[in-house]
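Student: Please take one part of this model and examine it closely with me. I should like to see how its neighbours lead on to other parts of the chain.

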Amino acid sequence: MTEKKGYAGNGFVHVKNPHLALMDEDILYHLDLGTKTHNLPAMFGDIKFVCVGGSANRMKAFAQFMHKELGFEGDGKDVKDICAGTDRYSMYKVGPVLSVSHGMGIPSISIMLHELIKLLHHAKCRGVTIIRIGTSGGLGIEPGSVVITDTALDSFFKPQFEQIILDNVVVRSTELDKDLAEELLNCSKEIHDFPTMIGHTMCTYDFYEGQGRLDGALCSFSSEKKLEYLKRAYNAGVRNIEMESTVFAAMCGLCGLKAAVVCVTLLNRLEGDQITIPHEVLLEYQQRPQQLISIFIKKRLGLHNQNNLLDNAFFLSN
């Protein structure tokens, strides 16, 4: 069975679950939020941009970075974790920007997305853009390159995500918003420190065997078989590999959210398996998607290249 994308013509976040309307209360357990315990429209109704990433520390750092980029007062170091009551995910709000961690892999990001999308729905958010920022393994490209995903592929190079529901396999599309990808690529032209490109992203279920690594605790294939598989992936248009993009694209598409995936590559998988770059270089690489998304958000808000950011931040907060 194949599910089609859903779009809400009024700009609200769409949920495809008739049971939600019958519930007296919706507890977003893993976010430590709920429709009766929190005033979600008051807390989140102004959100226009949602950025998600695997690491809690990285998403806190992104929130602090956006605090500075949007011109808010202070250094942002005291930004509050809205999900502090749970140790599953972290969430930070900076004006119209929400920064959320999703953990590692398809199951973890899937749980977070279910509750995040319901949160945006309950908060009556409109015109939301959601972007996953993260790290990945590159394929035939220079380490440190940033890849904007046009389509997420599974391990068979198919643009689909297979969700097992009860005892049925449901196939969902993994295409992302093409116009958004082009808009992000145009924003990257203002950054000359690293290459940025649009390409396919392959999403796997694990870091080792699923990505053809030879250095895991288990390995049942040769180095020749590994290279042959990765070269086929490259020929299919894959430019990077990670572990979340298919379910992210599928869920966002079904709920009518304009979505993008922007990941930096930490190595070229055609040349090796282990990440050997120095820690300080790794930290700089991780900041590259954040720099690109900052330009995108500021352009959307009309703040880019304006000198008086404080006045604009005041306007946004009132």
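Tutor: The account below begins with one strand and then follows its contacts outward. The model is predicted, so local features need pLDDT of at least 70 and side-chain atom pairs count only at pLDDT 80 or more, while totals for chains, interfaces and linings use all residues. Residues are numbered from 1 along each chain as its sequence is written, and side-chain values use heavy atoms, with hydrogens and water left out.

The part chosen is strand 13, residues 258-268. Helices (H or I, at least four residues) and strands (E, at least two) are DSSP runs, numbered from the N terminus. Of the 11 residues of strand 13, 10 are buried, so the rest of the structure largely encloses this strand. Here buried means under 20% relative accessible area, exposed means over 50%, and partly exposed lies in between, for a 1.4 Å probe and protein chains only.

Strand 13 pairs with two other strands; pairing requires that DSSP find at least two bridges between them. With strand 7 (residues 129-138) the sense is parallel, over nine bridges, and Thr 135 has Val 264 of strand 13 as its bridge partner. With strand 8 (residues 146-153) the sense is antiparallel, over three bridges, and Val 262 of strand 13 stands opposite Ile 148.

Val 262 and Ile 148 also lead to a helix. Both are among the residues that Leu 184 touches, as are Ile 131, Ala 260, Leu 292, Ile 293 and Phe 296; residues up to four places away in sequence are not counted, and contact means heavy atoms within 4.5 Å. Leu 184 belongs to helix 4 (residues 178-188) and counts as buried, because its relative accessibility is 0%.

Glu 183 offers a contrast: with a relative accessible area of 27%, this residue is partly exposed. The side chain of Glu 183 meets that of Arg 300 in a salt bridge of 2.8 Å, N to O. Glu 183 lies in helix 4 and Arg 300 in helix 7 (residues 279-301), so the pair ties together parts that are 117 residues apart in sequence. A salt bridge is a side-chain nitrogen of Lys or Arg within 4 Å of a carboxyl oxygen of Asp or Glu. Arg 300 is also partly exposed, at 39%.

A second salt bridge begins in strand 7, the parallel partner of strand 13. Arg 132 meets Glu 242 at 3.1 Å, N to O. Since Arg 132 lies in strand 7 and Glu 242 in strand 12, the pair ties together parts 110 residues apart in sequence. Both ends are buried: Arg 132 has a relative accessibility of 2%, and Glu 242 a relative accessible area of 3%.

Strand 12 (238-242) in turn leads to helix 5, whose buried residues pack against this strand and against strand 11 (196-203). These buried residues are Lys 226, Tyr 229, Leu 230 and Ala 233. They lie on the same side of helix 5 because they cover an arc of only 95° around the axis, the arc being that of the directions from the helix axis to the C-beta atoms. In general, an α-helix has 3.6 residues a turn, so residues three or four places apart point the same way. The face turned away from the buried side of helix 5 carries the exposed residues Glu 224 and Asn 235. Just after helix 5, Gly 237 takes a positive phi of about 100°.
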